[in-house]
Amino acid sequence: IREKFSKIVILDVSPSLLEQAQRRVDAMGLNDIVEIVEEDFTSEEAFKSLPAKGTVDVVTMSYSLSMIPDKEAAVKNAASLLKPNGQGTICVADFFELPTCMVRKENPSSGVTRMARKAESIFHREWFARDHVYLLNEEVISHFDEYTTKLWDERERGQVPFLPFLQPFHGVLMAESK
């Protein structure tokens, strides 16, 4: 890890998740390059504890963007940290809504299948919202286009542990700085 990174910042609003992260950092012996920060990433206060804007190589969000209420601010802040001109990359792995093309009227599938997909989309959205997880939709993804250039956007169905019938879309989105 030291060969690739001179500094790693782990930021979250959850003290318990940060405690777990700290235990892992300690176990890996990476305290000299890893900083743990408890802060809201959508807040300007976060920038007091983060590297300077325009200096970061990579920002990752692993199953966290779907839990951030102000997704646009999170994407904007992540993009602002990146080195400019394609030298910085944002990587997001998260849960996504069914792609719009699977539930809209233009979908070539039959009416019944289209209705089933729409019902499935509503079920997934409501199910995850119970745990304050708001599936990423096309509007959220469009925020990346405002601040970055998309490199990769791939989604596929995946199971949720203990609930094999629930198969939401998981995906990875990668974008580079403008």
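**A tour of rings, a strand and a surface patch**

Begin by selecting lysine 53 together with phenylalanine 47, where you will find that lysine 53 lies over the face of the phenylalanine 47 ring, at 4.4 Å from the ring centre. Keep in mind, as you go from stop to stop, that the model on your screen is a predicted one.

For the next stop, turn to the aromatic pairs, of which the count comes to 3. Select tyrosine 63 and phenylalanine 95, which form one such pair in an edge-to-face arrangement, with 5.0 Å from centre to centre and 65° between the planes of the rings. Tyrosine 63 belongs to the loop between E3 and helix H2 (71-81), whereas phenylalanine 95 belongs to strand E4 (residues 89-96), so the pair ties together parts that are 32 residues apart in sequence. Are these two residues buried or exposed, or something in between? Tyrosine 63 has 32% relative accessibility and therefore counts as partly exposed, while phenylalanine 95, at 16%, counts as buried because the limit for that word is under 20%.

Keep phenylalanine 95 selected and add phenylalanine 128, whose ring centre is 4.8 Å from that of phenylalanine 95; the two planes stand at 45°, so this pair is tilted. Here too distant parts of the chain are linked, since phenylalanine 95 is in strand E4 and phenylalanine 128 is in helix H3 (residues 111-129), 33 residues apart. Both phenylalanine 95 and phenylalanine 128 are buried. If you now show Tyr63, Phe95 and Phe128 together, you are looking at a cluster that is linked by ring pairs.

Move on to leucine 11, which has its place in strand E1 (residues 8-12). Its relative accessible area is 22%, so leucine 11 is partly exposed. Which residues does leucine 11 contact, once its neighbours within four places in sequence are left aside? Select Leu18, Val37, Glu39, Phe41, Ala46 and Leu50, and you will have the residues with which leucine 11 is in contact. You may then add alanine 175, which is 164 residues from leucine 11 in sequence, with 20 Å between the two in space, C-alpha to C-alpha.

For the last stop, go to the surface and select Ile1, Phe5, Met28 and Val58, which make a nonpolar patch of about 380 Å². Among these residues, valine 58 lies in strand E3 (residues 58-62), and because its relative accessibility is 41%, valine 58 counts as partly exposed.

Definitions and conventions
Residues are numbered from 1 along each chain as its sequence is written. This is a predicted model: local features need pLDDT of at least 70, side-chain atom pairs count only at pLDDT 80 or more; totals for chains, interfaces and linings use all residues. Side-chain values use heavy atoms; hydrogens and water are left out. Patches are made of residues with over 30% relative accessible area and no salt bridge: like charges are joined within 9 Å, nonpolar side chains (Val, Leu, Ile, Met, Phe, Trp, Tyr) within 5 Å. Accessible areas come from the Shrake-Rupley method with a 1.4 Å probe; for residues, only the protein chains shown count as cover. A salt bridge is a side-chain nitrogen of Lys or Arg within 4 Å of a carboxyl oxygen of Asp or Glu. Helices (H or I, at least four residues) and strands (E, at least two) are DSSP runs, numbered from the N terminus. Buried means under 20% relative accessible area, exposed over 50%, partly exposed in between (1.4 Å probe, protein chains only). Rings of Phe, Tyr and Trp (its six-membered ring) pair if their centres lie within 6.5 Å; planes under 30 degrees apart count as stacked, over 60 as edge-to-face and the rest as tilted. A charge sits over a ring if NZ of Lys or CZ of Arg is within 6 Å of the ring centre and within 35 degrees of the ring normal. Contact means heavy atoms within 4.5 Å.
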